[in-house]
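Colleague: I have a model open and would like to learn how to read it. Could you take me through some features, with the general idea ahead of each case?

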Amino acid sequence: QFQEGLAAAETMEALEALRVSYLGKKGQLTAIMRSMGQVPPEERPAMGQLANTVRATVDAALKARKEELSAALLEQKMVADAVDVTLPGRRLSSGTQHLINQIREEIEDIFCGLGYTVEDGPYVESTWYNFTALNAPEDHPSRSAKDTFYVVDNAPGTMLHAEETNVQGESDILLRTQTSGVQVHVMENKKPPIYMICPGTVFRPDTADANHLPQFTQVEGLVVDEGITFGDLKGTLDYFTREIFGKDRATRYRPHFFPFTEPSCEVDVSCGVCGGKGCRFCKNTGWLEILGAGMVDPNVFEFCGIDPEKYTGFAFGIGVERVAALRYDLPDLRMLMTGDMRFLRQF
Ligand code: PHE
């Protein structure tokens with residue numbers, strides 16, 4: 001009976017139950033050993049020996065089976081935990097450059113190829129660099145707190161630049177609303193000839209929607225040299241638009257106003273969706289606006305200590321998010337800010 005039970009015990013628990021049923025306090029064999037007193041004295045030695053032998057046999061068989069079972073269990077566990085070294089490894093997904101940085105680099109490459117330097121400027125500016133030295137009058141609406149983030153509430157009369165009266169804000173320290181201030185920094189620190197671009201983030205208190213972002217990217221351009229004309233501006237920006245949008249795209253120069261350039265213009269590129277015939281993408285005009293530009297106003301040269309009789313120049317400001325939206329037909333600029341990998345991985 002014990003041998004049968006032993007063969008049937010497939011688990012440690014079953015084996016333990018078997019042990020208890022023979023050798024436990026209330027076990028069958030224990031009961032036999034306990035009843036030894038009732039055996040007649042003359043039979044006791046033989047019976048005692050037999051009982052001991054049986055007990056030793058049962059004990060040894062249980063131990064042997066226990067070892068067998070634990071070996072089998074270990075084997076099972078090893079198979080289950082095994083690492084298949086032939087499986088291909090899991091790839092770590094590497095990051096990619098954000099679309100805006102890709103285009104920004106592309107723009108840098110185009111202008112570096114024309115011999116321009118790439119400059120940098122501060123995000124936090126004073127009204128002097130962002131407005132005054134750029135010939136923006138004191139009452140220009142873009143100076144108001146509605147259109148500019150002022151960042152320090154310094155008391156009137158304690159302006160960073162003593163020249164500033166700052167009628168509109170409490171402060172003359174702000175988050176730059178355009179990269180044009182870098183023109184002033186560069187002209188203060190370098191003598192012409194100047195051929196530079198400055199890519200960077202700019203800030204405006206706009207609510208984000210499909211066409212606006214409170215924070216976006218511009219690439220400023222500035223050329224100052226002897227004998228620079230509007231023809232140079234057109235040639236340069238025509239070249240730029242064809243490099244960015246393709247050789248088959250036309251450009252159009254529309255008169256515009258900027259305080260720091262005169263004459264000023266906005267530059268449109270022909271719509272790539274309809275080829276200039278007019279469609280929903282270009283609001284039926286056939287054209288898409290991509291940048292602002294103009295000839296540097298002589299007042300700006302004077303603010304920056306450059307002789308306007310000797311030098312002329314042009315400047316331009318490209319909206320990088322705009323270029324991205326036009327090139328990839330993006331329905332909503334906010335897609336560029338939310339960091340959704342399903343969108344970003346496409347580029
Ligand atoms: N700073 C202008 C803007 O943000 C763009 C511009 C730059 C226009 C340089 C002319 C010259 O709209």
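Modeller: What follows goes through the ligand site, an annotated residue, two threonines, a helix and an arginine.

Modeller: This is a predicted model, in which local features need pLDDT of at least 70 and side-chain atom pairs count only at pLDDT 80 or more, while totals for chains, interfaces and linings use all residues. Residues are numbered from 1 along each chain as its sequence is written, and side-chain values use heavy atoms, with hydrogens and water left out.

Colleague: Which residues come nearest the ligand?

Modeller: A residue is near a molecule if one of its heavy atoms lies within 4 Å of it. Here 14 residues surround the ligand, and Q178, S180, R204, Q218 and G317 come nearest.

Colleague: Which polar side-chain atoms face the ligand's oxygen and nitrogen atoms?

Modeller: A polar contact is a pair of N or O atoms within 3.5 Å; within protein, one must be able to donate a hydrogen and the other to accept it, and residues adjacent in sequence count only if both atoms are side-chain atoms. S180 has a polar side-chain atom 3.0 Å from a ligand nitrogen. For R204, a side-chain N or O atom is 3.0 Å from a ligand oxygen, and for Q218 the distance from a polar side-chain atom to a ligand oxygen is 2.8 Å. On its own the ligand has 330 Å² of accessible area (Shrake-Rupley method, 1.4 Å probe), and the protein covers 89% of that.

Colleague: Which elements give two or more residues to the shell around the ligand?

Modeller: Helices (H or I, at least four residues) and strands (E, at least two) are DSSP runs, numbered from the N terminus. Those elements are β5 (215-225), β8 (287-296) and β9 (312-319). The largest share, three residues, is from β9.

Colleague: Where does UniProt place the "binding site" feature?

Modeller: UniProt positions use the numbering here, feature names are shortened, and annotations may be inferred rather than shown by experiment. The record, an unreviewed entry, puts "binding site" at E262, a residue of strand β7 (residues 261-270). Contact means heavy atoms within 4.5 Å; beyond its neighbours within four places in sequence, E262 is in contact with M295 and D297.

Colleague: Is T251 buried or exposed?

Modeller: Buried means under 20% relative accessible area, exposed over 50%, and partly exposed in between, with a 1.4 Å probe and protein chains only. T251, in strand β6 (residues 251-258), counts as buried because its relative accessibility is 17%. Its side chain makes a polar contact of 2.6 Å with that of D238. T201, in strand β4 (residues 194-203), is also buried, at 13%. The side chains of T201 and Y123 share a polar contact of 3.1 Å.

Colleague: Which residues of helix α10 are buried?

Modeller: In α10 (residues 320-328) they are V320, E321, V323, A324, A325 and L326. These pack against α5 (99-112), β5, α8 (230-245), β7, β8 and β9. Just after α10, D329 takes a positive phi of about 60°.

Colleague: How far apart are R19 and K63 in sequence and in space?

Modeller: They are 44 residues apart in sequence and 9.8 Å apart in space, C-alpha to C-alpha. R19 lies in helix α2 (residues 12-23) and counts as partly exposed because its relative accessible area is 33%. Leaving aside neighbours within four places in sequence, R19 is in contact with G24 and L62.
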